[in-house]
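Subject: Structure for you to look at

Hello,

Here is the structure I said I would pass on. Please open it first, then read the notes underneath.

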Number of protein chains: 2
Amino acid sequence: MSIITIERKILEKNDEIARQNRALLEKLSVFAINLLSSPGSGKTSLLERVLERLIGRLKMAVIEGDVHTDLDAQRVARYGVPVAQIVTHGGCHLEAKLVQDALVRLPLEGIQTLFIENVGNLVCPANFDLGETVKVVVISTTEGEDKPLKYPAIFRVAHALVINKMDLLPYLSFQLEDLRRNALDVNPALAMFETSCMTGAGIDEWCDWLLDRASSRL
Amino acid sequence: MSIITIERKILEKNDEIARQNRALLEKLSVFAINLLSSPGSGKTSLLERVLERLIGRLKMAVIEGDVHTDLDAQRVARYGVPVAQIVTHGGCHLEAKLVQDALVRLPLEGIQTLFIENVGNLVCPANFDLGETVKVVVISTTEGEDKPLKYPAIFRVAHALVINKMDLLPYLSFQLEDLRRNALDVNPALAMFETSCMTGAGIDEWCDWLLDRASSRL
């Protein structure tokens, strides 16, 4: 069997389990967000700001994906939401089977929104459907405006782009309009948000989008 | 054949070609640096500052690895050094074979230092020996102090860590000492440098280390 055949079989198997995950989440009316980004773009901080704001208004749960450690799960658990940690032990992306196993460990009944924080990696997670409702890419202003051109696959499959660390804009040579244009070149349908977890700017708009999407499923 | 067997065979094949690359580079007395980091930590900017400073003192060449585009090769070529671009077309890391093909395209005679800028990815490139002399990880201050704990493999195989974007420190909650401690916990032998491509701080120390290493091979 060639390597390409093996790869195709792995992806086919993944897609089959992703379909099962999606069927389960739809049955339970759970809006599931697959959060994707480079390491250190602020996915977990962004999630913390959302949990702070929407707790009491939305029943939420979290799956944390990490190569090593449960540091992110510990951060998120402080907000009192159910959290399942997946440690990939070197694996560079989440797969549908890992998410399926995590779903079993979560009390999903009544949950309206599930955040799945993927491994920090702007390449590999693009190929693996987890059964989520939407994919959201987070990029920080410090990463440069060329990233959608250099890593197009992940921007192409995403429904929304959150541009984080907007507070650092005055100290960077970063051109926000260039990033927006590059992102839309790759994916013209991309919804875009600009946030800062330090100042709180843009978090309300981002939460409104999530609330809108989650409530349209109830 | 199982997936694990296939993976082992891929890595064995890679290691064999890496040995050939290493033998060639040693024969030509080329000091080769495999530059590793997340997307957007400033690998290319750091390389530009080094080229600016060391041109005329050191004969250098560059291999640029990218998932898509030759934007980085264009940036580097402006400094008048030989550059070979590898585009992986979706591939998440450089492999020894890709580097071998690039080495053939470069005028290596007389070159003292070769920079190999890997694909922006803090996970997958750790497993693939390219035949380099040293591996150097670049991390930006905006990525957070927990990265060595969350992505230990790449810090474990590295010889040096460059902490970049030091100019942003006043605007971040980043704890430099925590990053240094976490990195040394994973790899006590790690040489560490603190740089800013915006202000030029620390670039001289980083260049001195490169010069030292390169000249010890002549």
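A pocket, as the word is used here, is an open set of grid points with protein on both sides within 12 Å along at least five of seven lines. By that definition, the second largest pocket holds about 710 Å³ of space. Please keep in mind that this is a predicted model.

Which residues lie nearest the centre of the second largest pocket? They are Gly144(A), Gly42(B), Ser45(B), Arg75(B) and Lys165(B), out of 39 that line it. At least two lining residues each come from helix H5 (147-150) of chain A and, in chain B, from helix H2 (43-54), strand S2 (60-66) and helix H3 (71-77). Sorted by class, the lining of this pocket has 15 polar, 14 charged and 10 nonpolar residues.

The largest pocket has about 1,500 Å³ of space. Its lining has 39 residues, and those closest to the centre are Glu7(A), His93(A), Glu7(B), Cys92(B) and His93(B). Two or more residues of the lining are given by helix H1 (3-27) of chain A, and by helix H1 (3-27) and helix H4 (96-105) of chain B. H1(B) provides the largest share, 9 residues. By class, the lining of the largest pocket consists of 21 nonpolar, 12 polar and 6 charged residues.

Next, how the two chains are related. A turn of 180° with a shift of 0.0 Å along the axis lays chain B on chain A, with an RMSD of 0.0 Å. This is the relation of a two-fold axis. The copies meet through the same surface, because 100% of the interface residues of chain B are also interface residues in chain A.

Last, one residue to look at in detail. Asp129(B) sits in the loop between strand S4 (113-117) and strand S5 (134-140) of chain B. Is Asp129(B) buried or exposed? Its relative accessible area is 18%, and buried means under 20%, so Asp129(B) counts as buried.

What does the side chain of Asp129(B) reach at 3.0 Å? The partner is the backbone nitrogen of Gly131(B). The side chain of Asp129(B) also makes a polar contact of 2.8 Å with the side chain of Arg22(B). Leaving aside residues up to four places away in sequence, Asp129(B) touches Asn14(B), Asp15(B), Ala18(B), Arg22(B), Ala96(B) and Lys135(B). Arg22(B) is thus listed among the residues that Asp129(B) touches.

Regards

Conventions. Residues are numbered from 1 along each chain as its sequence is written. Chains are lettered from A and ligands numbered from 1 in the order in which they are written. This is a predicted model: local features need pLDDT of at least 70, side-chain atom pairs count only at pLDDT 80 or more; totals for chains, interfaces and linings use all residues. Side-chain values use heavy atoms; hydrogens and water are left out. On a 1 Å grid over the protein atoms alone, a cavity is a set of points where a 1.4 Å probe fits but cannot get out, and a pocket is an open set with protein on both sides within 12 Å along at least five of seven lines; lining residues have an atom within 4 Å of a point. Grid points are joined across faces, edges and corners, and a volume is the space filled by probe spheres set on the points. Helices (H or I, at least four residues) and strands (E, at least two) are DSSP runs, numbered from the N terminus. Ala, Val, Leu, Ile, Met, Phe, Trp, Tyr, Cys and Pro count as nonpolar, Asp, Glu, Lys and Arg as charged, and the others, Gly among them, as polar. Buried means under 20% relative accessible area, exposed over 50%, partly exposed in between (1.4 Å probe, protein chains only). A polar contact is a pair of N or O atoms within 3.5 Å; within protein, one must be able to donate a hydrogen and the other to accept it, and residues adjacent in sequence count only if both atoms are side-chain atoms. Contact means heavy atoms within 4.5 Å. Copies are superposed by least squares on the C-alpha atoms of residues with pLDDT of at least 70 in both.
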